[in-house]
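Here are some notes to go with the structure, written as numbered points. Keep the 3D view open and click along as you read.

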Amino acid sequence: MSAVAAPSATPGAIRRATLVGGTAILIWSTLALLTALAGPVPPFLLVALSFGLGGLVSLGVILATGRPLLAVMRQPLPVWLLGIGGLFGYHFLYFLALQTAPAAEANLINYLWPLLIVLFSGLLPGERLRRAQVLGTAAGLAGTLLLVTGGKGVSVQAGYLPGYLAALAASVTWAGYSVLSRRFGAVPTEIVAFFCLATAVLAVPCHLLFEQTVWPQGVWGWSIIAAMGIGPVGLAFFVWDHGVKRGDIQTLGALSYATPLLSTGLLIAAGRAGLTWPVIAACLLIVGGAVVASRGLGKDHQRS
């Protein structure tokens with residue numbers, strides 16, 4: 001796979017790009033609550049609607065800025081394969097895992113992707129694994145284990161092996177997409193709009209094959225779809241793309257373990273989850289890991 005390198009950046013620019021990418025973690029934390037508020041809309045239909053809306057809004061923004069769409073679309077085939085495979089492939093595998101394995105175990109395996117981002121990034125040119133990022137990621141993984149299992153044991157049953165493998169494939173897919181995006185640092189972030197639209201289109205046959213159609217209910221239901229399309233399945237992918245291409249990808253990977261914590265916090269605030277000791281312990285582990293992982297952000301960092 002040929003790479004299109006991004007221009008070199010100063011430590012300050014890397015720090016700013018990392019902070020921009022980190023806002024995706026905050027935005028993604030709203031997804032669980034919005035999904036719960038969306039009601040009985042099945043997952044693939046939810047993907048088709050929200051990604052479709054997010055892609056269309058993004059196209060409107062691109063046109064409003066006067067950026068020629070053809071210039072954005074004129075990218076090598078590997079860029080398209082990576083982007084569409086990353087966004088659609090991840091969501092397909094994740095929902096497949098949830099349908100074929102217990103949700104807690106599937107979620108736990110899925111949340112290996114922050115750890116995999118840190119590990120995979122060490123293979124990039126000019127990158128090396130740093131102890132702070134590895135320690136911070138390990139703490140985040142431990143906190144996520146507590147959060148997802150509620151402090152109880154994880155029951156692994158052979159009958160759920162296909163679901164476990166799908167969850168593992170989902171985590172590898174997202175980590176691979178995030179790390180390999182850095183190899184195409186010169187590709188404009190606006191291309192994500194087309195990745196979103198392609199994901200929406202591919203989700204339609206998946207919905208028709210695997211699900212029964214249940215449309216969003218009333219103005220409230222469609223408002224939730226709009227919020228998802230603009231936020232966690234819209235803007236979040238753009239700032240993430242900017243962060244992984246131009247920021248400190250190892251720190252972003254380690255900080256990503258804050259997503260399930262923040263998501264759970266929003267569910268608690270909305271009265272849809274309870275505050276328990278595993279949540280408090282997970283908070284300490286994940287926040288502590290994030291503090292450790294962010295030490296020296298942007299310092300002594302070489303660009304690929």
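1. Let's begin with one residue. Setting aside residues up to four places away in sequence, Cys 206 touches Phe 44, Phe 88, Phe 92 and Glu 211. You'll find Cys 206 in helix H10. Is Cys 206 buried or exposed? Its relative accessibility is 9%, so Cys 206 counts as buried, the cut-off being under 20%. Take Phe 92 from that contact list: Cys 206 and Phe 92 sit 114 residues apart in sequence, yet their C-alpha atoms are 8.4 Å apart in space. Do keep in mind that this is a predicted model.

2. Now zoom out. The protein has 14 helices and zero strands, so if you read the elements from the N terminus on, you just get α again and again. Of its 304 residues, buried ones make up 50%. Look at the contacts with a separation of 6 or more, too: 90% of them join residues 24 or more positions apart.

3. Back to the helix that holds Cys 206. How do H5 and H10 cross? Helix H5 (residues 77–100) and helix H10 (residues 192–210) have axes that come within 9 Å and cross at roughly 40 degrees. That angle makes H5 oblique to H10, and the crossing is right-handed. On the H5 side, the contact is made by Val 79, Trp 80, Gly 83, Ile 84, Leu 87, Phe 88 and Phe 92. From H10, the residues taking part include Phe 194, Phe 195, Leu 202, Cys 206 and Phe 210. Sorted by class, the contact has 14 nonpolar, two polar and no charged residues.

4. H5 has another partner to look at, helix H9 (residues 161–181). Here the axes are 8 Å apart and the packing angle is about 160 degrees, so H5 and H9 are roughly antiparallel to each other. H5 passes H9 in a left-handed crossing. Among the H5 residues in this contact are Gly 83, Gly 85, Gly 86 and Gly 89, and they are joined there by others such as Tyr 90 and Ala 97. H9 brings residues including Ala 166, Ala 167, Ala 169, Ala 170 and Trp 174. The count by class is 15 nonpolar, nine polar and no charged.

5. One more helix pair. The axes of helix H1 (residues 11–28) and H11 come within 7 Å and cross at roughly 155 degrees, which makes H1 roughly antiparallel to H11. This crossing is left-handed. Ala 13, Ala 17, Gly 21 and Trp 28 are among the H1 residues in the contact, while H11 offers residues including Leu 235, Trp 240, Gly 243 and Arg 246. By class, the residues divide into 14 nonpolar, five polar and one charged.

6. Which residues touch the most other members of the largest nonpolar core? They are Trp 113, Trp 174 and Trp 240, out of 63 residues in that core. Helix H11 (residues 218–246) supplies the largest share of this core, with ten residues. Apart from this core lies another one of seven residues, among them Ala 97, Ala 101, Ala 166 and Ala 167. As for Trp 113, leaving out residues up to four places away in sequence, its contacts are Trp 28, Tyr 90, Ser 171, Trp 174, Ala 175, Trp 240 and Ser 256.

7. Don't skip the loops. Val 41 sits in the loop between helix H2 (31–37) and helix H3 (43–64). Even so, Val 41 is buried, with a relative accessible area of 8%. What does Val 41 contact, leaving aside neighbours within four places in sequence? Leu 46, Val 214, Trp 215 and Pro 216. Val 41 and Pro 216 are 175 residues apart along the chain, but their C-alpha atoms are separated by 6.1 Å.

8. Last stop: Thr 137, in helix H8 (residues 131–149). Its relative accessible area is 0%, so Thr 137 is buried. Ignoring neighbours within four places in sequence, Thr 137 is in contact with Pro 114, Leu 115, Val 118, Ala 254 and Tyr 257. Try finding Leu 252 as well: Thr 137 and Leu 252 are 115 residues apart in sequence and 10.0 Å apart in space, C-alpha to C-alpha.

Notes
Residues are numbered from 1 along each chain as its sequence is written. This is a predicted model: local features need pLDDT of at least 70, side-chain atom pairs count only at pLDDT 80 or more; totals for chains, interfaces and linings use all residues. Side-chain values use heavy atoms; hydrogens and water are left out. A nonpolar core is a set of buried Ala, Val, Leu, Ile, Met, Phe, Trp, Tyr and Cys residues joined through side-chain atoms within 4.5 Å. Buried means under 20% relative accessible area, exposed over 50%, partly exposed in between (1.4 Å probe, protein chains only). Helices (H or I, at least four residues) and strands (E, at least two) are DSSP runs, numbered from the N terminus. Contact means heavy atoms within 4.5 Å. Axes are lines fitted to C-alpha atoms, for helices over the stretch in contact, and angles run from 0 to 180 degrees between N-to-C directions. Angles under 35 degrees count as roughly parallel, over 145 as roughly antiparallel, 65 to 115 as roughly perpendicular and the rest as oblique. A crossing is left-handed if the near helix is turned anticlockwise from the far one by less than a right angle, and right-handed if clockwise. Ala, Val, Leu, Ile, Met, Phe, Trp, Tyr, Cys and Pro count as nonpolar, Asp, Glu, Lys and Arg as charged, and the others, Gly among them, as polar.
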